[in-house]
Amino acid sequence: MLERGLTDLALNLEGATRAAIEGHVRLLLAWNEHVNLSGLRTPEHVARGHVLDSLIAVAPLRTLGGDNPTLLDLGSGGGFPGLPLAVALPARRAALVDSIGKKAAFLEVAAAVARDLVAIDVLAERAEDLADEPDQREAWDIVTVRALGQIAEVAELGLPLVKVGGHVVAWKSAGVESELADAARIIRAVGGGKPRVIELPAAAKVGLAGHCLVAIEKVRPTPDGYPRTPGERRRRPLG
Ligand code: SAH
């Protein structure tokens with residue numbers, strides 16, 4: 001399935017890159033018996049729902065981030081979309097972030113299969129705390145985010161980590177307009193430009209019809225005070 005999917009996405013990956021992606025999938029399937037990393041439990045479902053859904057962004061990310069961008073995957077869970085993208089782009093360096101310790105423990109093991117290809121850090125931290133660290137704030141070309149929350153929250157957590165000129169890229173499906181409308185104010189507040197919905201014509205070919213990306217460019221530095229604490233965000237979710 002992966003083989004056919006890569007052809008449908010017109011992606012030509014080297015043997016070592018494919019081996020790293022397969023190694024990650026094998027580890028996920030094995031660990032998932034004991035640690036709940038993903039609801040997808042068969043090789044076919046993981047290949048389509050995780051690997052191809054990650055790699056579908058290779059072409060748009062190359063356009064947005066140029067050659068070898070630095071990439072941080074926020075709320076990486078079982079390592080998607082960050083790990084396959086880090087090796088496939090390839091990224092200059094990458095970080096996989098998850099606040100849950102046992103997920104970060106898995107990410108450490110999974111990242112080891114790719115370290116010959118790209119330098120990958122695993123950070124067991126909350127995005128809010130990371131954004132206060134001087135070497136992480138405004139440090140990354142691309143921040144990817146899949147299944148972490150609504151665009152308002154994704155923008156508030158992701159944009160502080162992105163360099164001016166870089167992008168937060170969120171995985172979404174058709175019908176994002178109301179989320180985008182809700183997010184307009186907070187996106188401006190944290191230094192984002194007008195979001196762009198990137199349609200993915202190849203998605204339907206690989207069984208992912210309706211999937212799209214939302215890219216938000218950072219046009220100004222994020223003011224101090226953002227991201228707000230989880231309590232403040234709950235009180236005023238839209239900023
Ligand atoms: N991106 C993966 C996992 C999505 S689930 C995928 O698409 O398959 C969301 C993940 O984000 C969870 O693993 C959760 O632990 C993590 N997460 C949620 N809020 C976070 C925060 N504020 N900082 C860091 N990680 C967070």
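Select Lys163 first: at 29% relative accessibility, this residue counts as partly exposed. The model is predicted, and the values given along this tour are computed from it. Add Asp141 to the selection; Lys163 and Asp141 form a salt bridge whose closest N and O atoms are 3.2 Å apart. The pair connects distant parts of the chain, with Lys163 in strand β5 (residues 162–173) and Asp141 in strand β4 (residues 140–146), 22 residues apart. Colour the two partners by accessibility: Asp141 is buried, with a relative accessible area of 17%, whereas Lys163 is partly exposed.

Next, display the network of charged side chains. Select Arg126, Glu128, Glu153 and Arg233, which are joined into one network by salt bridges that share partners. Within this group, centre the view on Glu128 and Arg233, where the closest N and O atoms of their salt bridge are 3.0 Å apart. Glu128 belongs to helix α7 (residues 127–130) and Arg233 to helix α10 (residues 230–235), so this pair ties together parts that are 105 residues apart in sequence. Both Glu128 and Arg233 are buried.

For another salt bridge, move to Glu108 and Arg115. Their side chains meet at 3.5 Å, N to O. Glu108 is partly exposed, with a relative accessible area of 37%, and Arg115 is partly exposed too, at 36%. To place these pairs in context, note that a search of the whole structure finds twelve salt bridges.

The last stop is Lys218, located in the loop between β7 (211–217) and α10. Is Lys218 buried or exposed? Its relative accessibility is 0%, so Lys218 counts as buried, the limit for that class being under 20%.

What does the side chain of Lys218 reach at 2.9 Å? Show backbone atoms as well as side chains here, since one partner is the backbone oxygen of Val162, at 2.9 Å. The side chain of Lys218 also makes a polar contact with the side chain of Thr222, at 2.9 Å.

Finally, display the surroundings of Lys218, leaving aside its neighbours within four places in sequence. The residues in contact with Lys218 are then Glu138, Leu159, Pro160, Val162, Lys163, Val164, Gly165, Gly166, Gly191 and Gly192. Lys163, one of these contacts, returns the viewer to the starting point of the tour, the salt bridge with Asp141.

Notes:
Residues numbered from 1 in each chain as written. Predicted model: local features only at pLDDT ≥ 70, side-chain atom pairs only at ≥ 80, totals over all residues. Heavy atoms only, no water. Salt bridge = Lys/Arg side-chain N within 4 Å of Asp/Glu carboxyl O. Buried < 20%, exposed > 50% of the residue type's maximum accessible area, 1.4 Å probe, protein only. Helix = DSSP H or I, 4+ residues; strand = E, 2+ residues; numbered from the N terminus. Polar contact = N/O pair within 3.5 Å; in protein donor to acceptor, adjacent residues only side chain to side chain. Contact = heavy atoms within 4.5 Å.
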